[in-house]
Amino acid sequence: MEVATPEPCSGGNNSLTDENNDSDTDFAPSDLGTKEYWEDVYQKELETFKDIGDVGEIWFGEESMSRVLRWMEKADIPEDAAILDIGTGNAAFLVELAKHGYRNLTGIDYSPASIELARNVLKMEELTDIIVKEMDFLNYQEELKCFDVCIDKGTFDAISLNPDNTKKSKTLYIESLKDALKDKGFFSITSCNWTKEQLLEKFSDGFEFVQELPTRSFQFGGKTGNTVTTLIFKRVI
Ligand SMILES: C[S@@+](CC[C@H](N)C(=O)[O-])C[C@H]1O[C@@H](n2cnc3c(N)ncnc32)[C@H](O)[C@@H]1O
């Protein structure tokens, strides 16, 4: 298992706290925003898994999962809560959620290789009750509704780098999220491309900010900034 240097952040915006917070900043389009890129990544990870049983990268490291799990425990999210992992990748977060007792878990990803890898990982962990589906979150045909908690770790970042139409992708993402979450359901987002202020602005309509989870900060030139931001929102209808 490898701890990832978060590549989707290469076009990123880890600004220091008193920089210009232009909330409508768009990043330069990048391959990291394409399905082909992720399919290639997970094809390679799938081959490695089949060769040596390594599940692949943990985006933003183990702590990025632990901090959300700690919050879920404090927030008393029940073990039977319906939880959706948006852009599940290798399903590492689903595995951790299951190890913490959560038992109503769904993961989706638009990369077929990611879903094959996720199914293999879940089979190895004997977690075959977890649902994983190949699905584009920006354009899903099947029902994806009534989740108590939606989790995003790096997926909105990737979508924000979509070379075709980054603005439209972000709007579609927010609409899909609104549909997927129950009223008063929670949304946890971990991002390395967007600052807290930018995320607050993006998820202002239909969501209420709950809290920021503490992440490692850095200092530069007398200013303080974060490499990764994790925010919790509540859906309000
Ligand atoms: C940076 S990776 C993070 C993977 C996983 N969340 C993790 O933390 O390990 C971004 C993931 O988002 C998925 N993704 C990007 N756009 C998507 C979309 N429109 N619908 C579903 N999945 C998408 C990619 O295939 C990839 O698995």
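Start with helices H1 and H5: each supplies at least two residues of the shell around the ligand. What you are viewing is a predicted model.

**The ligand shell.** Select the ligand next and show its surroundings. Around the ligand there are 18 residues, and Trp59, Gly87, Asp109, Asp136 and Lys153 are the closest. Colour the shell by class and you get 9 nonpolar, 6 polar and 3 charged residues.

**Polar contacts.** Now go through individual atoms.

- Tyr42: an N or O atom of the side chain is 3.2 Å from an oxygen atom of the ligand.
- Gly87: here a backbone N or O atom lies 2.7 Å from a nitrogen atom of the ligand.
- Asp136: a side-chain N or O atom is 2.8 Å from a nitrogen atom of the ligand.

Switch to a surface view of the ligand. On its own the ligand exposes 590 Å², and 98% of that is buried by the protein.

**The pocket.** Where does the ligand sit? The ligand is in the largest pocket, whose volume is about 700 Å³. Hide the ligand and select the lining, which consists of 41 residues. Nearest the centre of this pocket are Trp38, Tyr110, Thr155, Ala158 and Ile159.

**Elements of the lining.** Which elements give two or more residues to the lining of the largest pocket? Select the helices H1 (35-52), H3 (92-99), H5 (155-159) and H6 (166-180), then the strands S2 (57-58), S3 (82-86) and S4 (104-109). H1 gives the largest share of the lining, 4 residues.

**Lining by class.** Last, colour the lining of the largest pocket by class: 20 residues are nonpolar, 12 are polar and 9 are charged. To finish, bring the ligand back and return to H1 and H5, each with at least two residues in the shell around the ligand.

Key: Residues are numbered from 1 along each chain as its sequence is written. This is a predicted model: local features need pLDDT of at least 70, side-chain atom pairs count only at pLDDT 80 or more; totals for chains, interfaces and linings use all residues. Side-chain values use heavy atoms; hydrogens and water are left out. On a 1 Å grid over the protein atoms alone, a cavity is a set of points where a 1.4 Å probe fits but cannot get out, and a pocket is an open set with protein on both sides within 12 Å along at least five of seven lines; lining residues have an atom within 4 Å of a point. Grid points are joined across faces, edges and corners, and a volume is the space filled by probe spheres set on the points. Ala, Val, Leu, Ile, Met, Phe, Trp, Tyr, Cys and Pro count as nonpolar, Asp, Glu, Lys and Arg as charged, and the others, Gly among them, as polar. A residue is near a molecule or strand if one of its heavy atoms lies within 4 Å of it. A polar contact is a pair of N or O atoms within 3.5 Å; within protein, one must be able to donate a hydrogen and the other to accept it, and residues adjacent in sequence count only if both atoms are side-chain atoms. Accessible areas come from the Shrake-Rupley method with a 1.4 Å probe; for residues, only the protein chains shown count as cover. A molecule sits in a cavity or pocket if more than half of its atoms lie within 2 Å of its grid points.
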